[in-house]
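Colleague: Mind walking me through this one? I've got some questions about confidence, one sheet, the cysteines and a helix pair.

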Amino acid sequence: MAALAELHVHGVALDWRAVLPGGRRVELPTYAFQHHWYWPQGVGDRAGNVAAAGLAAAGHPLLGAAVGLAGSDGVLLTGRLSLRSHPWLADYAVMGSVVVPGTAFLELAIRAGDQVGFDVVEELTLDAPLVLGERDAVAVQVWVAAAAESGRRGVSIYARPAEAAEDEPWVEHATGVLTAGGRAAAPFETVVWPPRGVSAIELDGLYERLAWDGLSYGPVFQGLRAAWRGEGGEVFAEIALPGQVESSAGSFGLHPALLDAALHAVPFVGLDDSEGGWLPFSWSGVCLHASGASLLRVRLAKTGDDSVSVSAVDATGEPVLSARSLVLRPVSADQLAVASGGRGTGRDPLFEVEWSPLTELSTADAVPVAVLGLDLLGVAAAWETVGQPAQVHADLSVLADPVPSVIMAEAISDPACGVVESAHELAARVLDLVQRWLADDRFVDSRLVILTSGAIEAREEDTVTDLPAAGVWGLVRSAQLENPGRFVLVDVDGRESSLSALPEMLAWVLASGEPQAVVRGGEVLVPRLAGSKVADAAGRVWDPEGTVLITGGTGGLGGLFARHVVAERGVRRLLLTSRRGLEAPGAVELQAELIAHGAEVTVAACDMADRDQVAALLAGVDADHPLTAVVHTAGVLADGTIPSLTAEGLDAVLRPKVDAAWHLHELTRDLDLAGFVVFSSMAGVVGAPGQGNYAAANTFLDALAEHRRTEGLAALSLAWGAWSQAHGMTGTLSEIEMRRINRTGMPPLSAEQGLAMFETAAASDRPMVVAVPLNLSVLRALPEVPHLLRGLVRAGRRSAVATQMGGGVDVVERLAGLEKVDQVQLVLELVRAQAAVVLGHTSADAIQAGREFRELGFDSLTTVELRNRLNAATGLRLPATLVFDYPTPAILAEHLLAEIAPGESKATELSLLADLNRFETALSDTALDDLARNGIVTRLRQLLAKVSESSTETSEIAVAGMLESASTKDILGFIESELGRLKDL
């Protein structure tokens, strides 16, 4: 068993630390109600008796040990890096990948120089980026060579996966030269700060613009506080290390996040094309004059087209660091793809949806349900078997009050209709149901479960038997994002065991909060995005003498891939289609360009949603050069939130995706194609607010690819993320919409990224892959990580706004005791802060209290997002028309205040809840023996007996029985619920 030792700091007992046999360790708990560890994370990964292994402790956060090399005066320093041991590194992401910053390599070189008494990094060149996976650790080695006759020493930095086999090679990430005899730095004038004659540089939106360039900095790296431009073109900046890592500054020579933040002012120096995402490439003449700084005043001066000098002093003007030159270079997505090495880091660009068992099952009884429609699956009979009679109703309108908390509606296509007709009819029927559900206030506290059968392929043995119902999943996923907590998606297979288990399985799903699930036998499976297990299946070669059909071939993506298959796949015959043929913008020029590259190109006007036109098009293909591959890129948008979608808008988006793909499938089924590629979208996989119709079209394509593969036919559905504005459908998006895309943690794809993903996926054996770069540092910072992504991101970081304003009870507690004017101000700041986040502003100062939301840039989609954020922050149920009903932040704040704290009874409740919270804190901070616990339980029993005197539902016997087995959390939850119930009496 563990031997426990009490930890004392300055004579105060803080906690118990467990030391386990064999050197194992356990993590210490966090401080009560805080998310900070007692011990710096990573200490445990480096701790241990390194002397017993013949090593010396390196005494550095990035390094664990050092050893002199026998036979020379060379030195080896070793370390281990991971996002678990060094979580602050997660705040440095380049093009969606967490990368060890170049300043960290410089810090390693400086530390290596200290080890051998060399105080100048004369040169250090970064050869390759070092990518960190979400779960994987990397081993690091810093080699310092023996001193040469010149008195210089070489230094090299290597890394490889920490769990690598012995024969796996090390990758060289940086090389350089160390020298001794550092020159004295010439500090720049800081007696007056900022310096005289400078002009302030506006920094609002800087980190947002850098994110657009692929450089995503989390809070730890956002240390640039102010910047000024000097008369000579140099830039002065003030940098401060954020509080969450400030205490660790003393253990570094110079914290990499602090120095990196100083370089964020480089774009203002005026380098050639410096507006791009440039990173440190080569350092020259670097000397660290003082260690442990947490604040810098920096001077950057241009020394070349792509280089600057760097001088940094502390707040007193004393030198901290000087660098004669820093050369910067852009980093490409290809470099990062190579750097990740295919190690399965969790940020490979290709992903799959895996259906995993729901493991966190709570005991839950079958919930009563009402069933809408014809009950074709026999849901009511399944509930009868568990003693929960389920009434079947023809429609929502006939449901009598009070309405059930769970209502189930089947979404099953009519097998007597064709696939295309059924896809349109079923999607329209479900859209109408969802719209009426949202419009009826009777259902605001109920959940609508949409049940399909055979729409999802969750296991290899599954077969998609209801293709039209697959489209429903994309539509409802979008409705879920627009209206959190209102809808649940469930799919069953055709087995009797699945239907009979459905009552119990649904209870588990509802209790878990999972928005989507499938039931297979007696098991619940939920979707999680995971790195694709693409296996090189040596995909069939596209015969260069055959014809390749590209639908939407004259559009942005169609043209991009037409050029690609000609240049990279050797295709010599292309058939490009669009509604307008050669009259489409750019079609003539594209055809001429491809012909110039040696291809025969036909551009045809064809409505691919018209089966007869598709048949005629295929009949016209030269028999000597038969069709060998299809790439279906066609698609249109008709965006709108769920309440505003129309059947016409739904049909308009389904036709070029669903109808065209099905016609191509049927008419080419006997042609033995080498490739049948459909361009789907992440919108279908995750759902897309404002694009429910588009999401529905794309989930149909995903299911079609799986259906074709089951039939032994070529098939690949690529669920793309958003493309850069030069390609795809993002070209018409506004600046606010592009900000929203970046804020999702799924930055737009570059052409190079997309083409590389296409080739990787086409050579695989998978029918459907998700092709999207993920910025996990952004995903971690989301207020709530989507369920689909929880296999990649373990936990989200609380946002600053959420921490400041709290949510639900926290907000009303803060209002308690304030004067009315202060209450209004508090709620107004909440509204402004959340509005700023929605619009992508870095500060709430951009949101004027008296200006209409419409003028601030809100549209129907951003309105929904603001409503959802305010719901989460206040615990209210606000309508989607919120900003139209209350058109300015000031008016909305007054409305919210009236809803949150309507009167004196609310003030009493706030006071009681505040007392309960203080009581909970005291209990959590106190270790109770049995005697003390029994005394408290007795007092609580007496209190609850008084609380329940006016209740006909809660007897003293029931209360006592609950208390006997209840945890402290259960007790407090019960008290709070009783107080809330009494308030409503």
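Colleague: What average pLDDT does the chain have?

Modeller: Keep in mind that this is a predicted model, so confidence comes up before anything else. Of the residues, 78% score at least 70. Two of the weak spots are residues 795-809, with a pLDDT below 50 and 34 contacts beyond near neighbours in sequence, and residues 950-961, also below 50, with 12 such contacts. As for the chain, its average pLDDT is 82.

Colleague: Okay, on to the sheet. In what order do the 4 strands of the open sheet come?

Modeller: The pairing in this sheet is antiparallel. Its edges are strand S9 (131-132) and strand S14 (215-217), each of which pairs on one side only. Put together, the order reads S9-S7-S6-S14.

Colleague: And which residue in S9 does Val99 stand opposite?

Modeller: S7 covers residues 97-99, and 2 bridges join S7 to S9, with the two running antiparallel. Across from Val99, in S9, stands Val131.

Colleague: Where is Met95, and is it buried, partly exposed or exposed?

Modeller: Met95 belongs to the loop between strand S6 (92-94) and strand S7 (97-99). Its relative accessible area is 26%. Buried would need under 20% and exposed over 50%, so Met95 is partly exposed.

Colleague: How far apart in space are Met95 and Ser216, C-alpha to C-alpha?

Modeller: Ser216 falls within strand S14 (215-217), one of the edge strands. In sequence, Met95 and Ser216 are 121 residues apart. In space, the C-alpha to C-alpha distance is 7.6 Å.

Colleague: What about cysteines: how many disulfides are there?

Modeller: The rule asks for a pair of cysteine sulfur atoms within 2.5 Å. Cys287 is buried, at 6% relative accessibility, and Cys606 is buried too, at 5%. By the sulfur rule, the number of disulfides is 0.

Colleague: Last one. Are H11 and H12 roughly parallel or roughly antiparallel?

Modeller: Helix H11 (residues 556-568) and helix H12 (residues 587-596) pack with their axes 10 Å apart, at an angle of about 10°. The contact is made by Gly559, Ala562, Arg563 and Val566 on the H11 side, and by Leu590, Glu593 and Leu594 on the H12 side. Angles under 35 degrees count as roughly parallel, so the verdict for H11 and H12 is roughly parallel.

Technical notes: Residues are numbered from 1 along each chain as its sequence is written. This is a predicted model: local features need pLDDT of at least 70, side-chain atom pairs count only at pLDDT 80 or more; totals for chains, interfaces and linings use all residues. Side-chain values use heavy atoms; hydrogens and water are left out. Buried means under 20% relative accessible area, exposed over 50%, partly exposed in between (1.4 Å probe, protein chains only). Two strands pair if DSSP finds at least two bridges between them. pLDDT is the predictor's confidence in each residue, from 0 to 100. Contact means heavy atoms within 4.5 Å. Axes are lines fitted to C-alpha atoms, for helices over the stretch in contact, and angles run from 0 to 180 degrees between N-to-C directions. Angles under 35 degrees count as roughly parallel, over 145 as roughly antiparallel, 65 to 115 as roughly perpendicular and the rest as oblique.
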